[in-house]
Amino acid sequence: MPRQPLDDTALDTVFRQAHTHYGFRPEPVDEATLRRLYDLLKWGPTSMNSQPSRYVFVMSEEGKSRLLPALSEANRDKAHEAPVTVIVAVDTRFYQHMPKLFPSSPNARERFAENPETTSDTAWRNGTLQGAYLIIAARMLGLDVGPMSGFDNAIVDEEFFPDGRYKSNFLVNLGTGDPESQRARGARLEFEEVAEVV
């Protein structure tokens, strides 16, 4: 039996009425909420259930002081103001978990270990997918989000991932957005401009 689509309130919350936030109110986000966030996003599909994304939830003043120097000037205030800035990273050796995550393919770990190019492609593609799941899950839990590029990956990696195994991908500010920080909704391309049915 087909599943029923979500109602308009849910669709508006996650997509149609959701905005990127550039400023946040001081209301904190607690660790229990971050755990709920992960417990939701982890169910999003990844290739061979590889789950290569890793997360650092930067909340403390000490953590922010380590992160902010890597950000572009335009992004520093946003990250400083946000209760949480998530470093969405990828585990370059995610395949070490494949026996647990994909037991139906007993040689998956070795196949990835022997193919660095495939490993890199899989890590970045699926890690980015998981970052998108994080954004959607955060909105579903009532959080506002502000995804960001505009930072020096090398500085972030040296500061937070000095052993080189994890590599930063992008950042996401989380919290209660300040409506005054929103910009006018940007245009979106129409179906006919981006898609075809064959």
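A pocket is an open set of grid points, each with protein on both sides within 12 Å along at least five of seven lines. Keep that in mind for two of the stops below. The model on screen is predicted.

**Stop one: the largest pocket**

Start with the largest pocket, which holds about 270 Å³ of space. It has 15 lining residues. Select Ala18, His19, Thr20, Arg139 and Arg188, the closest of them to the pocket centre. Now colour the lining by class. You should get seven nonpolar, four polar and four charged residues. Which element gives the most to this lining? Select α7: this helix leads with four residues. Keep α7 on display for the next stops.

**Stop two: α1 against α7**

Select residues 8-16 for helix α1 and residues 116-140 for helix α7. Look at how the two run past each other. Their axes come within 9 Å and cross at roughly 135°. That angle makes α1 oblique to α7, because it falls outside the ranges for roughly parallel (under 35 degrees), roughly perpendicular (65 to 115) and roughly antiparallel (over 145). The crossing is right-handed.

Next, show side chains where the helices touch. On the α1 side, pick Thr13, Val14 and Phe15. On the α7 side, pick Ile136, Arg139 and Met140. By class, this contact has four nonpolar residues, one polar and one charged. Pause on Arg139. This residue of α7 takes part in the contact with α1, and Arg139 is also among the residues closest to the centre of the largest pocket.

**Stop three: α2 against α7**

Leave α7 on and add helix α2, residues 31-41. The axes of α2 and α7 come within 9 Å and cross at roughly 125°. The pair is therefore oblique. The crossing of α2 and α7 is right-handed. Which residues make the contact? From α2, select Leu37, Leu40 and Leu41. From α7, select Gln130, Tyr133, Leu134, Ala137, Ala138 and Met140. Eight of the contact residues are nonpolar, one is polar and none is charged. Met140 is worth a second look. Met140 meets α1 residues and is part of the contact with α2.

**Stop four: the loop after α2**

Move on to the loop between α2 and β1, where Met48 sits. Check the backbone of Met48. Its phi is near 55°, a positive value in a residue other than glycine. Then click Asn49, in the loop between α2 and β1. What is the phi of Asn49? It is about 55°, positive although Asn49 is not a glycine.

**Stop five: the second largest pocket**

Finish at the second largest pocket, with a volume of about 160 Å³. Select Tyr38, Gln51, Ser53, Arg54, Tyr55, His97, Lys100, Leu101 and Gln130 to light up its lining. Now colour by element. Strand β1 (53-58) and helix α5 (98-101) each supply at least two lining residues. β1 has the largest share, with three. Recolour by class to see three nonpolar, four polar and two charged residues. End on Gln130. Gln130 lines this second largest pocket and belongs to the α7 side of the contact with α2.

Terms used:
Residues are numbered from 1 along each chain as its sequence is written. This is a predicted model: local features need pLDDT of at least 70, side-chain atom pairs count only at pLDDT 80 or more; totals for chains, interfaces and linings use all residues. Side-chain values use heavy atoms; hydrogens and water are left out. Axes are lines fitted to C-alpha atoms, for helices over the stretch in contact, and angles run from 0 to 180 degrees between N-to-C directions. A crossing is left-handed if the near helix is turned anticlockwise from the far one by less than a right angle, and right-handed if clockwise. Contact means heavy atoms within 4.5 Å. Ala, Val, Leu, Ile, Met, Phe, Trp, Tyr, Cys and Pro count as nonpolar, Asp, Glu, Lys and Arg as charged, and the others, Gly among them, as polar. On a 1 Å grid over the protein atoms alone, a cavity is a set of points where a 1.4 Å probe fits but cannot get out, and a pocket is an open set with protein on both sides within 12 Å along at least five of seven lines; lining residues have an atom within 4 Å of a point. Grid points are joined across faces, edges and corners, and a volume is the space filled by probe spheres set on the points.
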